[in-house]
Structures are given as structure tokens and as C-alpha cells.
Amino acid sequence: MAEAAADSGGEEIAALSTGEQAYERIRQDIVFGRLQPGQRLTLDKLRPVYGVGISTLREILNRLAPEGFVVAEGQRGFQVAPCTASELRELADLRLLIESHALAQSFAAGDMEWEGRVVAAHHKLARMEERLLAGDDSGTQQWKRYDFEFHQALVSACGSKVLLDLHAGIYERYLRYQMVFFIFWGPTSIGEHRALLDCALHRDAGEAQRLLHGHIHGCIDVALERGLLD
């Protein structure tokens, strides 16, 4: 999931086939809230927007359904999957389970190159969070891309592609809630990211897992306190 992130994503999509480009664009539009939860996805209206035929669109939407981004309604067509408090809780628990395990593995195996990736990823995220804290929300997509890159860097030395793929898939569904409802809890989130960086550099997996629990479930608390998922 703004400037540099959008440019990078656009280059990746441009290298794909027309059908794959449309799939990636629709998926990103759902994750980043351009296609809203519960919105009906009418094939005739989508065709000129994404530049592919009806049959290709139907294949794409059927592909996105088991990924949790689209709901197939039989003969009635498709709609963007709704956002619910129960699903957010479930995604948070799954992310915590997967990421906590990957953190422990990564902290144990990480080398100097890994430390460099973590520090660089945190630097970009921290600069973007400073902008948000100052009231500049023009780069929200880039902010969440940097957030993902930081958490991905933390677990990147875990040694398991399967684990990393699982983490990325769950994170993206969790990310949709943050983008649709713009969930940012300011200094608390910034401090937690800094503390996670310190844990990585000191290889303190236990403290990182404790911090991660509060960090992830803080998203739910903010959403519910603001009445975003009533």
C-alpha cells in the first residue's frame, strides 16, 4: 500500500499483464479505501475504469473473494467486503500470532544487514509520522506503506518465506481498516515504533512481543472509542 509508494507500486503494476494490472489496481483501491466497504462492484461500470473485459473482471473479483476483499453474492454480483468490529479483532489476533512468532525468529537470526534494514525502515516511518502529527495528512498511503515496511523489516530475518507471506496477507487486510478509517493515534504509535526499534537492536524479543500486543490492539481501541465500527 502516495508519492514514492505510489510511484513504486505503479512501476510494479506496469510490468504485469493487463489482467494482472487490473487485479492489482482493484486490490489496492479496496485496501486504500478508494472502493468503499459494502460498495457494489458493477462490472459494466468497472470495465472502463480498469480497462479489461467483463469476463476478466469477473475472474478478478472471484479471485479477491477468498482473499477477504470482495463478497460474491451469487446472481446479484459482487460488493466490496464490509468492515466489522469482529473481523478487525480477528485480524488483529491473527497478525499478533504470526508477527510475534516471526519476531522471535528474526531477532535470533538477524545480522548487521538486517539491523540496517530495520533502522532505515524506521527512519522513513518516523519522518512520515512527524508530518502526520503536525497535521499534514497528505501522505497517508505512504505512511502506511512505510509502516508495513518497518514491521516487515523487523520480521525479515525469520528465515521462512511462508511466514512472511502469511504476515503480508494478514497485514494488508488489517491495513484496510486503518486506511478506510484513518486510524492514527499520534505520539503513542510513534513511541511504540521507536521502542520496537530499540528492542530489535538489543535483540529483546520478549519485550518486543509485549509492545506489539499493545500496538496492534491499540488500533482496535481507537476505532471503537471513535465509534468507527458501530
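**Charges, rings and cores**

Colleague: Let's start with a ring: which residue lies over the face of Y23?
Modeller: A charge sits over a ring if NZ of Lys or CZ of Arg is within 6 Å of the ring centre and within 35 degrees of the ring normal. At 3.6 Å from the ring centre of Y23, the residue that fits is R63.

Colleague: Fine, and what are the ground rules here?
Modeller: Residues are numbered from 1 along each chain as its sequence is written, and side-chain values use heavy atoms, with hydrogens and water left out. This is a predicted model, with totals for chains, interfaces and linings using all residues, local features needing pLDDT of at least 70, and side-chain atom pairs counting only at pLDDT 80 or more.

Colleague: How many helices does the protein chain have?
Modeller: Helices (H or I, at least four residues) and strands (E, at least two) are DSSP runs, numbered from the N terminus. Along the sequence the pattern reads α-α-β-α-α-β-β-α-α-α-α-α-α. Next to three strands, the number of helices is 10.

Colleague: What share of the 230 residues counts as buried?
Modeller: Buried means under 20% relative accessible area, exposed over 50%, and partly exposed in between (1.4 Å probe, protein chains only). For the protein chain, the buried share is 48%.

Colleague: So how are the rings of F148 and Y171 arranged: stacked, edge-to-face or tilted?
Modeller: Rings of Phe, Tyr and Trp (its six-membered ring) pair if their centres lie within 6.5 Å; planes under 30 degrees apart count as stacked, over 60 as edge-to-face and the rest as tilted. By that rule there are two aromatic pairs. With centres 4.9 Å apart and planes at 45 degrees, F148 and Y171 are tilted.

Colleague: And which helices does that pair link?
Modeller: F148 and Y171 are both buried. They sit 23 residues apart, in distant parts of the chain: F148 in residues 140-155 and Y171 in residues 161-181, which are helices α7 and α8.

Colleague: Which residues touch the most other members of the largest nonpolar core?
Modeller: A nonpolar core is a set of buried Ala, Val, Leu, Ile, Met, Phe, Trp, Tyr and Cys residues joined through side-chain atoms within 4.5 Å. The largest one has 40 residues, and the ones with the most contacts are L103, F107, V118, F150 and L154.

Colleague: Which residues does L103 touch?
Modeller: Contact means heavy atoms within 4.5 Å. Leaving out residues up to four places away in sequence, L103 touches L154, V155, A208 and L212.

Colleague: How many residues are in the second core?
Modeller: That core is separate and includes V52, V80, Y171 and M179. Its residue count is 24.

Colleague: On to charges: how far apart in sequence are R173 and E87?
Modeller: A salt bridge is a side-chain nitrogen of Lys or Arg within 4 Å of a carboxyl oxygen of Asp or Glu, and the count is 15. R173 and E87 form one of these, with their closest N and O atoms 2.8 Å apart. R173 is in helix α8 and E87 in helix α5, so the bridge ties together parts whose sequence separation is 86 residues.

Colleague: Is E87 buried or exposed?
Modeller: R173, at 22% relative accessibility, counts as partly exposed. E87 has 16%, so E87 counts as buried.

Colleague: Which residue forms a salt bridge with D147?
Modeller: D147 and its partner are three residues apart in helix α7, about one helical turn. Both are buried. With closest N and O atoms 3.5 Å apart, the partner is K144.
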